[in-house]
Amino acid sequence: MSTSRRLRALGAAVATVLLVGGCAAGTHPGAAAVVGDTEITVGDVDTTSRAVSTALGQEFNSTVALSELVNNALVSEVSKQRSVAVSDAETAEAAKLVVNDPTAYAKFEADPVARDFLNQVAAAAVATIKLGGGTGVKDPKVQVAQQAGLQIVKEASKGVTVDISPRFGQWTDGRIDSKVSGSLSEESAQAKAKREAAEQAQQQSQGQG
């Protein structure tokens, strides 16, 4: 399996869930998604897409990048709720398994953005296994533990607010369907107030200049 497919497969396996809970508070201007207290900006998505594409030597588009970033943030949120910790050593071990190619791994390590993304994916994988009662990626019953962890994430996700910017599509079954308009088709009152305040401040600044 290619590195790209392993990244996508692992990312999908980390949290292939249907998010049916949470309040639709709306994303902030400039935000691609909000997962609990974590905001993923459009800039985060773009830089991740470019960095991972370069490391892989093939396209890792923005929709896939955002989907994985949301998965990573969701598992991190659930892990905090359940007091599940993942060490740097466990993350590093899992990261090498995800890439499983010294040359490609070196490319990820050489770029701070690509390295951070890979570590997020790896940490989320370890956390999911631990949530399911496993000890880590080398657990003899790792697949059973991962499946149990996925179920826990699915249930816990009902209490986590997840909002996706309509420009990217709709979050369904643990990934983004870019062919479907997002559920946040109307700007929230909070987002509208912030946008209007920013526009007014900009106009005042221009008027003074």
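**Reading helices in a predicted model**

Modeller: E77 is buried (under 20% relative accessible area, 1.4 Å probe, protein chains only) yet has no salt bridge, and K80, the nearest side chain of opposite charge, is 5.3 Å away. A salt bridge requires a side-chain nitrogen of Lys or Arg within 4 Å of a carboxyl oxygen of Asp or Glu. This is a predicted model, in which local features need pLDDT of at least 70 and side-chain atom pairs count only at pLDDT 80 or more, while totals for chains, interfaces and linings use all residues. Residues are numbered from 1 along each chain as its sequence is written, and side-chain values use heavy atoms, with hydrogens and water left out.

Biologist: Leaving aside its neighbours within four places in sequence, with which residues is E77 in contact?

Modeller: Contact means heavy atoms within 4.5 Å. On that basis E77, which lies in helix 3 (residues 62-81), touches V35, G36, D37 and V160.

Biologist: Which residues of helix 4 are buried?

Modeller: An α-helix has 3.6 residues a turn, so residues three or four places apart point the same way. In helix 4, the buried residues are E90, T91, A94, A95, V98 and V99. They cover an arc of only 155° around the axis, which puts them on the same side of helix 4; the arc is taken over the directions from the helix axis to the C-beta atoms. On the other side, A89 and K96 are exposed, that is, over 50%.

Biologist: Which residues of helix 5 are buried?

Modeller: In helix 5 (residues 102-110), these are A104, Y105 and F108. Their arc is only 100° around the axis, which puts them on the same side of helix 5. P102, T103 and A110 are exposed on the other side.

Methods. Helices (H or I, at least four residues) and strands (E, at least two) are DSSP runs, numbered from the N terminus. Lys and Arg count as positive and Asp and Glu as negative; His and the chain ends are not counted.
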